[in-house]
Amino acid sequence: MFREMRRKKQKLTEKQCIDILKRAKTATLALHGDDGYPYSVPVNYVYLDGKIYFHGAKEGHKADAVNRCDKVCLTVWNQGFKKEGYWEWNPTSVVVFGKVKPVTENNIFEDRLRKLAAKYYPTTDEIEEEMERSASRTQLFAIKIEHMTGKLVNEK
């Protein structure tokens, strides 16, 4: 059902993919948007227990797209590195295909939303302030990973 990578020597292991998912800060989420157009949007996310969690408003383009079609693609990448004596950067990327659904269980919602916030907010106090201010207007989504590939980009 999912294509294999053509450049096998650049393929990352599952462990390497998960490490990138845990460390990277941003991703782009591709959804089936309005009128059949692709909709790709940057998201903050957290990888926990084999799933990817991200948040958004309860209403809007992202929520509508998720309700219309649960199949998504999430892409994450890092800055990479330069090899000694070379000019080009060698980033690593991870592409995840999966199915997304809103998180509706209140205890899971609050726990995962706090863990998502902990990845980005510097203090627990700031997390709690944000939870108080906007959690009631927030929808948390979970992606169940169906297929994942990672690649070391080597342009030279």
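Thr 149 is found in strand S8, which covers residues 138-152. In this predicted model, Thr 149 counts as buried because its relative accessibility is 14%, under the 20% cut-off. One of the residues that touches Thr 149 is Ser 93, so let us follow that contact, since contact means heavy atoms within 4.5 Å.

Ser 93 lies in strand S7. Ser 93 is also buried, because its relative accessible area is 17%. Leaving aside its neighbours within four places in sequence, Ser 93 is in contact with Leu 12, Val 76, Trp 77, Thr 149, Gly 150 and Lys 151. The strand that holds Ser 93 also holds Lys 99: strand S7 spans residues 92-102, and Lys 99 has its place there. With a relative accessibility of 34%, Lys 99 counts as partly exposed.

Lys 99 brings us to the charges on the surface. Lys 99 joins Lys 51, Lys 71, Lys 101 and Lys 144 in forming a positive surface patch. If you would like to relate a member of this patch to our starting point, try Lys 71: its C-alpha atom is separated by 16 Å from that of Thr 149, and the two residues are 78 residues apart along the chain. For the charges of the protein chain as a whole, there are 28 positive and 22 negative side chains. The centres of these two sets lie 9 Å apart.

Some of the charged side chains pair up. A search of the whole structure finds eight salt bridges. One of them joins Arg 68 to Asp 34, with the closest N and O atoms 3.1 Å apart. This pair links distant parts of the chain: Arg 68 sits in helix H2 (residues 61-68), while Asp 34 is in the loop between strand S1 (26-32) and strand S2 (38-48), 34 residues apart. Both partners fall in the middle class of accessibility: Arg 68 is partly exposed at 42%, and Asp 34 is partly exposed at 37%.

While you are looking at that loop, turn to Asp 35, which also has its place between S1 and S2. What is the sign of phi at Asp 35? Phi of Asp 35 is near 55 degrees, a positive value in a residue other than glycine. Asp 35 counts as exposed because its relative accessible area is 76%, over the cut-off of 50%.

Asp 49 is another residue to inspect for its backbone. Asp 49 has a positive phi of about 50 degrees, although it is not a glycine. You will find Asp 49 in the loop between S2 and strand S3 (51-57), and at 65% relative accessibility Asp 49 counts as exposed. Asp 49 is also linked with Asp 111, Arg 112 and Lys 115 in a network of salt bridges.

Within that network, Asp 111 forms a salt bridge with Arg 112, and their closest N and O atoms are 2.7 Å apart. Are these two partners buried or partly exposed? Asp 111 is partly exposed, with a relative accessible area of 28%, whereas Arg 112 is buried, with a relative accessible area of 14%.

Another salt bridge brings two helices into the picture. The side chains of Glu 128 and Arg 114 meet at 2.7 Å, N to O. Glu 128 lies in helix H4 (residues 124-134) and Arg 114 in helix H3 (residues 106-120), so this pair ties together parts that are 14 residues apart in sequence. Glu 128 is partly exposed, with a relative accessible area of 32%, and Arg 114 is partly exposed at 29%.

Now step back to the whole chain. The secondary structure comes to four helices and eight strands. From the N terminus on, these elements run α-β-β-β-α-β-β-β-β-α-α-β. The C-alpha atoms fill a box of roughly 50 × 40 × 25 Å, taken along the principal axes.

How much of the chain is buried? Buried residues make up 38% of the 156 residues. Among contacts in the protein chain with a separation of 6 or more, 71% are between residues 24 or more positions apart. The accessible surface comes to about 10000 Å², of which 50% belongs to carbon and sulfur atoms.

Notes
Residues are numbered from 1 along each chain as its sequence is written. This is a predicted model: local features need pLDDT of at least 70, side-chain atom pairs count only at pLDDT 80 or more; totals for chains, interfaces and linings use all residues. Side-chain values use heavy atoms; hydrogens and water are left out. Patches are made of residues with over 30% relative accessible area and no salt bridge: like charges are joined within 9 Å, nonpolar side chains (Val, Leu, Ile, Met, Phe, Trp, Tyr) within 5 Å. Accessible areas come from the Shrake-Rupley method with a 1.4 Å probe; for residues, only the protein chains shown count as cover. A salt bridge is a side-chain nitrogen of Lys or Arg within 4 Å of a carboxyl oxygen of Asp or Glu. Lys and Arg count as positive and Asp and Glu as negative; His and the chain ends are not counted. The place of a charge is taken as NZ of Lys, CZ of Arg, CG of Asp or CD of Glu. Buried means under 20% relative accessible area, exposed over 50%, partly exposed in between (1.4 Å probe, protein chains only).
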